[in-house]
Amino acid sequence: MKIVSIAILGKKNNPLYVYVTNEENKRKFEYIIHTSLDFFEEKVPLISPISKKSTQNQNDMYLGHLFPTEDYKVYGYLTNTNYKLVCIIDDSEIKEQEMKTLLNNLHTILVDAICNPFYITDEPITSKIFHLKILDLIGKK
Amino acid sequence: MNTYHKDLVSQPLPLIGLIGEESQKSLLKNSSFENHKFLSFQNLSKLPKKKNNTKQFSESYQPDGILKTNWVQKQLHQIPSVFIKFFVADDLFNQENFVVSHISTLFRALKERNIKIIFLIIVPFESTIANEQFENQILTIKQKTQFDSRQGSFVFWHESKPKESREAVLINLKEMINRHLKEKIRKVKKNRDFYMKKTQASIFVRLYFKCGFYSEMQGEYKASLKYYLRSYKFLSNISIRHTSQTELRSVCEVINLRILFQYLKLNQYSKAVDQFQEHVSFGKRIELAGQDYKFLSLIWFSQQYKVFANYLELVPTEKLSPIKNCYENIGFYYNSAANYAIERKSIVQTLKAKHKKKLSKLNVKMFHPSSIYERVYDFSNCNYIGQPNWILTLDDPLQVVNKQTEDDDYFRELYSETQFDHSTENLHLLRKAYRNYSEQNPHSERLITTIATKIAKEYFEEGEFKFATKFIEHISGKFRQDKWNNVLSTVLLYSLECGLQLKNWRDFIKCLLELLVPKMNTQEETKAILQSKLISIINGSEKEIQKLKPHEIINMDPHFPISSLISCKVHFTQPHASLNENIYLKLSFESNFPKPITFKKLYLDFNISSYNRIIIFSEDEKNKEVENNEKTEEVNTEKGSIQENENLIEKDNVSNLIFNPNKKSCFKFQFQASHIGKLKIRAIKLLLGDEDGGIYFIWNPFEFNSNLTLNNLNDENFNYENYKKNRDFPNRSTIEILRPLKNFNLRIESQQPAFVGELFQINLILETNSDHLMNSELVFEKTKKMKLFSLDQYNSSKGVKESNETNETNETNETNESNEIIDNKLLNEIEPISNLQIMEIKPQIEKKIIIFVKSEHEGIFDLNIKFKYLHKLLYKGIFNEKYSINFTHPFEQNFNFYSLSKEILNKGSLYLLNKQNFILSSELIMYTQSQLILKEINLVLNDGFGEIVGKSFEKIKSDVNIPVENKKVNGNGNFNDSGEDENVNLKPNEIYQTCFYLKPNSFFQSNEKNNMQKKTIKNKRNKRKSKKQTNYEQEVNIGNIIIQYQRKNVNKNENFKHFLITKKILIPKVKFVKKVLTVDINFPSQGRVGEQLVSEYLIHNHSDNFQKVMVHVSHSEEFLFSGFVDTTFQILPRSTRKIYYNLIPIISGHLSLPSVKIFDTHSGSELTETKKNFNIFVFPTQKK
């Protein structure tokens, strides 16, 4: 499994953090990440956060394989607070559990970043520590 | 599908060789043999030479290629499965030896190749040979030629029976073909045993492909699919070391295509999708390395996706629904094909630039441009599939290519690629993807947007700017909504260029401004260039660009994307101001333009146009300001702003409207409040440019210009109601201008309700803010229905003198005094007031003035007070106050009269005969709100009416007449005379009854006669007008009931007093009626025809005078009667007169008596009016 991009999208679908391994293809990945929002909306029906909390356990935040492109696979994770985590990997076979763990860890990192009192809600995440943690997570550090 | 050779995309059909004369061959060709291909042969020399079966070890172990070139063509076009040899029937008998030798030769030749043969014996119409003879002859030939029935057969073609003959040929052909193909498959399968699956996978690919191909020829699709899949499986096991990637790729493409066709025929679409995914992943494994060769891979992938999408399009839509995965949409395949094609285009463009010189020198025949099938090539010389030789077997001009060097091949391919129309291909694929997604997956808005972005880019690159703009307008809204500024900035750059090319300056300006927005990730350098461009357009210095006319209006509302370019805050320094006071408006702008920007004018628009102001930038000081930019900015934001802007106000002219990036510019404007009410800032405009043309940046434009709409806003979820709420500037953009504070104030207090006939107290409370003692004058508007009294006036008339000092200092004294009972009689004597002079009202101390209002009418009346306050006899102010008072009745009254003889004739009327006493009963219902203390109830009789014999007072609970509490009342009506209780408390909503027993006195009796006579005269005069009016009626006023009561203070509000009130209630007039004449009638109840009846009329005169009476009897046909018909007579005073009538009935039954009318001649009234129409029953005559 080779991770080519990690993205965090806000409550209003705005990009908060987009990391791409190959900067030359950044625009291409941005389009893919933006497209993934359609599949988030398709997979998660419009339910209120409260009802969602009561009916779904934590594991349900992992939405699994959202959609394929010709070269990549896109995986999604929707937090209880409606943040969307997107992971794009190359077209190789992966274990679902691995991806689930990865996105769970990414969620933890995101929570840490949001808890930072200097972070403004719904603004892009520019924290260096957060970036380093992401690199660490995907093994690029 | 057109991109492939037809042999690859059509079902393979077995070939049938025909040997014989042309006329004989035409027999079959004309007989419409479907699914059979015929090929004419003169002899067998046309067949390709059979290869030597002896194999060298190296070749067999590891072949040069996977599939042999020309093999497919051989099967389809060169080597027949079955030969048909024609004979004429007569030849079998006439030229037997020749036939035998010919058959033997053919048999031997074809046995080696395992090709079957059918000998078709044509029996002409005129043939007379019997069938038995034929069969015998054929048996003879078979014996001579050692005929093997597995290898061939004899079939007759009777010209007389073409249908039967055709059937026979078909059956034989099918049997022979199947036998041939099965043997081939068996033979191929046998070969498997010679090879190793692991090391010689390529041979297995070939073997299984052949098996699949033969099965497909047979029409055995399941079997063929099985063989092809195996073949494909072995293909994936082939090591790339032993073969070239391009060969592998082309072979897998061919096999994949065949597999997909088998699935299509078997209706297994989801399996086809799985196969395609496997195929693509296999293709990725064998991708060519190196950037220079990448375009070849991209072509291949693009082609694979496109072909599969085309393939799926052939499938009915309803058949696709079972495929429940991400790959179900045809759009996905077109989109993927387009993505590869776009990448291919960009790489080819790069390579074209890189190898420009070499490509220009290349002089070659063109490849077929769009066929990937013909692009499959390798750089080695080998007769196997995946190489040009294989493709170019049949006289292809490109055979030359083989002789070229590898390098030349590559450039030839690159050259043809550069000549290819990529844009058309890309747009075709993208449009297909767009259409499919829009139709099948309309909710995937963003996916569709992404495809639209690619289409826009393609159009843009093609120079189709109009189309590109259309798409960009559509897509930019979605990116803007999701705040994907990175992507949006890219799109806007295209839009900007489109605007420039199309000379659509308005779109150009909007895009440019949006690109300058700080959140947009445009590079700083680009931003600086864009701003310079903007300024040059505004100033008209750009040659190509016309000046922006008329002005462009940019909405700076927070919902609009450009709003963050300049933020504007505005507020008044205070929330309220008095009239004529100075008010200040503070304005701050924060520019986010990348470079300093200068505005020409600033417009301030208020809800009241007289406050509107235009601030003009002075050109002379421009240079200075630009030089000292940073310094002035600091001054602006801090203390200097006021000084600088005070100058502005005087000149109405700002010296500096230059806004520096990321710095605030503050202004303060002074106004004078010249009206009362709300002053609200409606809009603020900044003009970039001049009067001839430019841009207006407007904040709050909806108030300012109602023509503006939300066209610029592409947000579909836009909530206009919320927007409307928030569109105003935030707090403090409104100031309330109030009246100047009053020096004097008047307050009115009262306690409802007000009752008719009672004094209603109103407290007027005066207060002053002035430091001096103030005087005032209250003028009350005169009304007919209300009277005003003042307490002071009352007190002075009563002779009570109050000192002002005690009034003001000791409030308790005042209240005690106010509780004093006001004498109602005295109040009637004093005159109502119309104005009041109030002197020396002390500052900060309330002055209370008590006035009373009294009305004798029910209703709501306004008390209008004109209030003048003055200081040292000079009017300081004047204002009006209005106060409404609702007067209601305090009691409900109900009177009943009863005579002692209990003869109640009418409510409120009674006969008063002689000296009879009568009872006057009155009911009083008290009103709520307050309890009453009843002091006295008294009946005052008019003179000569009589005297009160007795009285009673009792409470009646609800409607049931049960005395709960009896109160004895003395002759005068005072309660306190009993010596027990002084007062009676009356509670709200309870019914109290009081009764008076009256005895008319002699004076009344003596007057009675006179009154009656007077009335009679009057009645005579009125007789003409109303005949029915009765004489001897008299209406008499008995007198009044006078009640004295005081209201109890329930709320314990000591500010209000309750006085002893004397209420005079008029008793309704009593009717006295006296009857002078009365009539009694006696007659039998039954009679008999012919027998006499007597009816008797008794007329009584009750008066002391003679009374004259007139009698009239009407005619009757039912009775014979004797007596007076028309007569007048007098009756003595206080006597009775009898009249008799003898009646004899003529007919029997119920008969009405003849009507007898008796009139009083004096009054003209009919005495028998109530006694008409008496009926009696008359029996018939009794039988003797």
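S302(B) is buried, its relative accessible area being 2%, and its place is in helix α13, residues 294–313 of chain B. The model is a predicted one, and the points below take up this serine and its helix, then the salt bridges, and finally a sheet and a surface patch in chain B.

**Helix α13 of chain B**

- From its buried position, the side chain of S302(B) reaches the backbone oxygen of A337(B) at 3.1 Å.
- The side chains of E425(B) and K306(B) meet in a salt bridge with an N to O distance of 3.1 Å; this pair links distant parts of the chain, since K306(B) belongs to helix α13 and E425(B) to helix α19 (residues 422–440) of chain B, 119 residues apart.
- Both partners of that bridge, E425(B) and K306(B), are buried.

**Other salt bridges**

- Over all chains, a search of the whole structure finds 25 salt bridges.
- One of them joins the side chains of K133(A) and D112(A) at 3.5 Å, N to O; K133(A) lies in helix α4 (residues 128–137) and D112(A) in helix α3 (residues 96–115), both of chain A, so the pair ties together parts that are 21 residues apart in sequence.
- K133(A) is partly exposed at a relative accessible area of 32%, and D112(A) is likewise partly exposed, at 42%.
- In chain B, the side chains of R747(B) and E846(B) meet in a salt bridge at 2.6 Å, N to O, linking strand β19 (residues 744–750), which holds R747(B), to the loop between β24 (835–841) and β25 (847–854), which holds E846(B), 99 residues apart.
- R747(B) counts as partly exposed at 32% relative accessibility, while E846(B) is partly exposed with a relative accessible area of 48%.
- A network of salt bridges links D38(A), E41(A), R446(B) and D482(B).

**A sheet and a surface patch in chain B**

- Three strands of chain B form an open sheet in the order β44-β42-β47, with antiparallel pairing; the edge strands, each pairing on one side only, are β44 (1126–1131) and β47 (1156–1160), and the twist averages 25° from one strand to the next.
- Strand β42 (residues 1107–1113) is joined to β47(B) by five bridges, the two running antiparallel, and V1111(B) stands opposite I1158(B) in β47(B).
- L1120(B), I1144(B), I1146(B) and I1147(B) form a nonpolar patch on the surface, together offering about 320 Å² of accessible area.
- Within this patch, I1146(B) lies in the loop between β45 (1136–1145) and β46 (1149–1152) of chain B, and I1146(B) is partly exposed, with a relative accessible area of 39%.

Terms used
Residues are numbered from 1 along each chain as its sequence is written. Chains are lettered from A and ligands numbered from 1 in the order in which they are written. This is a predicted model: local features need pLDDT of at least 70, side-chain atom pairs count only at pLDDT 80 or more; totals for chains, interfaces and linings use all residues. Side-chain values use heavy atoms; hydrogens and water are left out. Two strands pair if DSSP finds at least two bridges between them. Helices (H or I, at least four residues) and strands (E, at least two) are DSSP runs, numbered from the N terminus. Axes are lines fitted to C-alpha atoms, for helices over the stretch in contact, and angles run from 0 to 180 degrees between N-to-C directions. Patches are made of residues with over 30% relative accessible area and no salt bridge: like charges are joined within 9 Å, nonpolar side chains (Val, Leu, Ile, Met, Phe, Trp, Tyr) within 5 Å. Accessible areas come from the Shrake-Rupley method with a 1.4 Å probe; for residues, only the protein chains shown count as cover. A salt bridge is a side-chain nitrogen of Lys or Arg within 4 Å of a carboxyl oxygen of Asp or Glu. Buried means under 20% relative accessible area, exposed over 50%, partly exposed in between (1.4 Å probe, protein chains only). A polar contact is a pair of N or O atoms within 3.5 Å; within protein, one must be able to donate a hydrogen and the other to accept it, and residues adjacent in sequence count only if both atoms are side-chain atoms.
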